[in-house]
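Student: I have a structure that is new to me, and I would like to learn how to read it. Could you guide me through it?

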Amino acid sequence: MVNQLRPALVMTALFTLLLGLAYPLAVTGIAQVAFPDQANGSLVRDAGGRVVGSSLIGQPFVGAPYLHPRPSAAGDGYDAAASSGSNMGPLNPDLIARVAESAQTIRAEDGPGVIPADAVTTSGSGLDPDVSPAYARLQAARIARARGVPVQQVQSIIDAHIEGAFLGFIGQPHVNVLLTNRALDARFGAEG
């Protein structure tokens with residue numbers, strides 16, 4: 001029995017050191033060298049160096065002068081500690097009511113038009129930082145009115161922030177809400 005116990009303990013210690021310590025440290029080190037911004041959370045800072053958010057995690061924006069994110073089902077909304085989808089099926093009456101209410105709010109704020117699906121549905125995590133170009137463009141007129149600028153100027157900022165599919169074929173084009181709102185504030189002044 002001792003002859004079998006010793007190799008088992010040695011292998012356990014070896015693999016613990018290798019896979020529990022060496023491998024995570026190597027991956028962390030490579031990430032810090034190759035992708036330092038992403039490895040540190042893709043934090044967005046203001047002119048004073050204060051962290052205002054992350055380009056990888058959605059956060060709420062309210063008010064007419066700002067690009068609004070897609071709805072969140074994470075906790076009370078954009079709660080990273082409660083990140084998850086709603087798990088509601090398409091025939092769930094609560095989901096149908098929430099989507100109808102969201103659509104009504106969007107029509108009241110942004111006027112008539114086709115409402116993109118991401119404007120009224122949540123992402124799987126509830127923390128999606130991006131919206132579709134169609135949803136961002138739908139909001140351009142409201143943002144321009146609230147900021148007192150021509151809609152073409154807002155549209156140009158939105159268009160400048162459209163990111164294509166990863167590697168040209170993975171995912172869909174998208175607009176990062178936080179980065180676009182920061183660009184709007186930089187160009188037209190921060191709204192309070």
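Tutor: The discussion below takes up the domains, the core, the empty spaces and some individual residues in turn. Please bear in mind that this is a predicted model.

Student: Into which domains is the chain divided?

Tutor: There are two entries in the domain assignment: domain 1 covers 1–36 and domain 2 covers 43–188. A distance of 42 Å separates the C-alpha centres of domain 1 and domain 2.

Student: How should I read a nonpolar core, and which residues have the most contacts inside the largest one?

Tutor: The general idea is that, in soluble globular proteins, nonpolar side chains tend to be buried together. Here the largest nonpolar core has 26 residues, and L67, I106, V131 and V154 have the most contacts inside it. Two or more residues of this core come from each of α3 (93–110), α4 (133–138), α5 (140–147), α6 (151–160) and α7 (177–188). The greatest contribution is that of α7, with 5 residues.

Student: What is V131 in contact with, leaving aside its neighbours within four places in sequence?

Tutor: V131 is in contact with L67, H68, P69 and R70, and also with D118, A136, H174, V175 and V177. L67 thus appears twice in our discussion: as a contact of V131 and among the core residues with the most contacts.

Student: Which residues of α5 are buried, and what covers them?

Tutor: The buried residues in α5 are A140, R142, I143, A144 and R147. Their cover includes α3, α4, α6 and α7. After α5 comes G148, which has a positive phi near 70 degrees.

Student: Where is F188, and what does it touch?

Tutor: F188 belongs to helix α7. Not counting residues up to four places away in sequence, F188 touches R147, V149, Q153, V154 and I157. R147 is one of the buried residues of α5, and V154 is one of the core residues named earlier. A further comparison is with Q152: F188 and Q152 are 36 residues apart along the chain, and their C-alpha atoms are separated by 13 Å.

Student: How does one look for empty space, and what is the volume of the largest pocket?

Tutor: Rolling a probe the size of a water molecule over the atoms shows where empty space is left. In this model, the largest pocket has a volume of about 510 Å³. It is lined by 22 residues, of which P69, R70, P71, Y78 and S102 are the closest to its centre. With 7 residues, α3 gives the most to this lining. By class, the lining of the largest pocket comprises 9 nonpolar, 6 polar and 7 charged residues.

Student: How many cavities of 30 Å³ or more does a search of the whole structure find?

Tutor: The search finds 1 cavity of 30 Å³ or more. The largest cavity has a volume of about 40 Å³. Its lining consists of I57, G58, Q59, F61, P69, D128, P129, V177 and L178. These divide into 6 nonpolar, 2 polar and 1 charged. P69 lines this cavity, and P69 is also among the residues closest to the centre of the largest pocket.

Student: What should I know about the sign of phi?

Tutor: Most residues other than glycine have a negative phi, and most peptide bonds are trans. S42 has a positive phi, near 50 degrees, and L167 has a positive phi of about 60 degrees.

Student: Are S42 and L167 buried or exposed?

Tutor: S42 counts as buried because its relative accessibility is 4%, whereas L167 is exposed, with a relative accessible area of 61%. S42 lies in the loop between α2 (36–39) and β1 (43–45). Leaving aside neighbours within four places in sequence, S42 is in contact with D37, G53, S54, S55 and L56. L167 lies in the loop between β4 (162–163) and β5 (174–176).

Student: Where is A82 found, and why does it count as partly exposed?

Tutor: A82 is found in the loop between β2 (51–54) and α3. A82 counts as partly exposed because its relative accessibility is 28%. Leaving aside its neighbours within four places in sequence, A82 is in contact with A74 and G75. A82 and G126 are 44 residues apart along the chain, and their C-alpha atoms are separated by 8.8 Å.

Terms used: Residues are numbered from 1 along each chain as its sequence is written. This is a predicted model: local features need pLDDT of at least 70, side-chain atom pairs count only at pLDDT 80 or more; totals for chains, interfaces and linings use all residues. Side-chain values use heavy atoms; hydrogens and water are left out. A nonpolar core is a set of buried Ala, Val, Leu, Ile, Met, Phe, Trp, Tyr and Cys residues joined through side-chain atoms within 4.5 Å. Buried means under 20% relative accessible area, exposed over 50%, partly exposed in between (1.4 Å probe, protein chains only). Helices (H or I, at least four residues) and strands (E, at least two) are DSSP runs, numbered from the N terminus. Contact means heavy atoms within 4.5 Å. On a 1 Å grid over the protein atoms alone, a cavity is a set of points where a 1.4 Å probe fits but cannot get out, and a pocket is an open set with protein on both sides within 12 Å along at least five of seven lines; lining residues have an atom within 4 Å of a point. Grid points are joined across faces, edges and corners, and a volume is the space filled by probe spheres set on the points. Ala, Val, Leu, Ile, Met, Phe, Trp, Tyr, Cys and Pro count as nonpolar, Asp, Glu, Lys and Arg as charged, and the others, Gly among them, as polar. Domain bounds come from an automatic or database domain assignment.
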